[in-house]
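New to this one? Let's take a walk through it together, one piece at a time.

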Amino acid sequence: MNTERIRPGHAGAGRSSPTLEDIATAAGVSRSTASRAINGGDRVSPQAQAAVDAAVVELGYTPNRAARSLVTRRTSSIALVIPEPDIRIMADPFFAVIITGITDALRETDVQLVLLMSRNGDDSGRALRYLRGGHVDGAIVVSHHEADPWSTSLPGTGLPTVFVGRPWDAQPGVTYVDTDNYQGGRLAARHLAAQGRSRVGTVAGPPDMTAAADRLAGWREGLREAGLPEGPVAHGDFTTAGGRAAALRLLEEAPELDGVFAASDLMALGVIEAVRELGRSVPDDVAVVGYDDHALAATAVPPLTTVTQPMQAMAAKACEMLLEEIDSPGVHPAPYVYPAQLVVRESSGAAPAPAS
């Protein structure tokens with residue numbers, strides 16, 4: 001007769017998976033110490049932690065997450081809220097980069113990402129009910145619009161929330177990550193002026209988004225500093241098609257333009273299309289500057305001069321700040337703003353900076 005003892009959790013055991021008590025016994029510690037070691041608590045000696053870790057591996061222990069959530073009131077998940085139409089989310093590489101940045105930041109954790117896409121009023125209400133229902137431990141909101149309820153509704157629920165991009169109602173205690181959009185618009189204006197472009201206009205973003213409003217304000221300030229008139233403005237929707245349509249309106253109003261700043265790289269590609277449709281060339285006739293420094297900017301024809309927006313770093317930073325808020329209830333990290341930088345390529349008629 002085989003008298004070998006079959007350990008819990010091993011194949012062929014014919015019994016339930018190992019319990020927390022099994023781990024405590026195998027590690028030679030109390031049940032409470034084993035629980036703290038497994039759940040990342042403090043007050044566990046290095047020796048006890050090592051013994052519990054070894055027991056977990058030896059017995060093939062998997063924590064009961066449902067039971068853990070009852071004790072910790074944690075779901076081990078966070079939500080990414082994108083209040084944009086589905087087609088925009090799928091077409092704009094900005095959102096893929098944001099998701100990549102967040103998932104990279106979560107890679108060494110057990111936290112899962114839940115994606116919530118909502119644009120109209122019904123969708124927003126349903127998403128808010130979901131977030132208030134205790135299904136996630138926190139939320140990251142990206143692409144926030146002035147009429148969206150997120151910056152006023154979520155903080156009042158006590159749900160830790162971080163915005164990618166400054167919300168319109170940035171009250172004390174509202175956490176966000178952003179770039180210096182005002183300085184970015186200013187850099188674009190001053191750069192075009194430095195290239196000798198004196199009749200310039202801009203394809204601005206949606207006026208109900210702070211990024212677009214700040215870039216437009218900075219653009220106007222840069223023109224004043226350079227001694228140039230403000231020039232015409234046409235608004236787009238941060239898409240290539242929207243940028244093309246806005247540029248056609250802009251160039252119809254002011255066909256003498258010799259420089260255009262587009263508030264996103266996708267819109268800048270649309271500007272280049274429009275200029276070519278009108279029988280003109282970039283940069284000889286019209287210099288173009290974009291914003292974002294998407295991967296597609298370097299491969300555009302001609303390569304696109306643009307202002308950087310470190311989207312992946314911003315998303316990762318927002319995730320780190322959210323996890324900090326979750327782990328330290330009541331603590332709100334200060335807003336974090338990345339500086340604006342100009343990347344010079346051929347589309348603005350300037351010699352690109354030498355590779356480092």
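**A helix, then a strand**

Start with helix H1, which spans residues 20–27: its buried residues are Leu-20, Ile-23, Ala-24 and Ala-27. Look down the axis of H1 and you'll find these buried residues within an arc of 100°, so they line one face of the helix. Keep in mind that you're looking at a predicted model.

What sits over those buried residues of H1? The cover includes helix H2 (31–38) and helix H3 (46–59). Right after H1 ends, you reach Gly-28, which takes a positive phi of about 70°.

Now jump along the chain to strand E8, residues 259–262. Side chains in a regular strand alternate between the two faces of the sheet. In E8, both faces are covered. Gly-259 and Phe-261 are buried on one side, while Val-260 and Ala-262 are buried on the other.

Which strands does E8 pair with? One of them is strand E6 (residues 200–204), which runs parallel to E8 and is joined to it by four bridges. If you want a spot to zoom in on, try Thr-202, which stands opposite Phe-261 in E8.

Strand E9 (residues 287–292) also pairs with E8, again in the parallel sense, and here there are three bridges. For this pairing, look at Val-260, which stands opposite Val-288 in E9. To get from E8 to E9, the chain passes through helix H12 (residues 265–277), and this β-α-β crossover is right-handed.

Terms used. Residues are numbered from 1 along each chain as its sequence is written. This is a predicted model: local features need pLDDT of at least 70, side-chain atom pairs count only at pLDDT 80 or more; totals for chains, interfaces and linings use all residues. Side-chain values use heavy atoms; hydrogens and water are left out. Buried means under 20% relative accessible area, exposed over 50%, partly exposed in between (1.4 Å probe, protein chains only). Helices (H or I, at least four residues) and strands (E, at least two) are DSSP runs, numbered from the N terminus. The arc is that of the directions from the helix axis to the C-beta atoms. Contact means heavy atoms within 4.5 Å. Two strands pair if DSSP finds at least two bridges between them. A crossover is right-handed if, with the strands pointing away from the viewer, the path from the first strand over the helix to the second runs clockwise.
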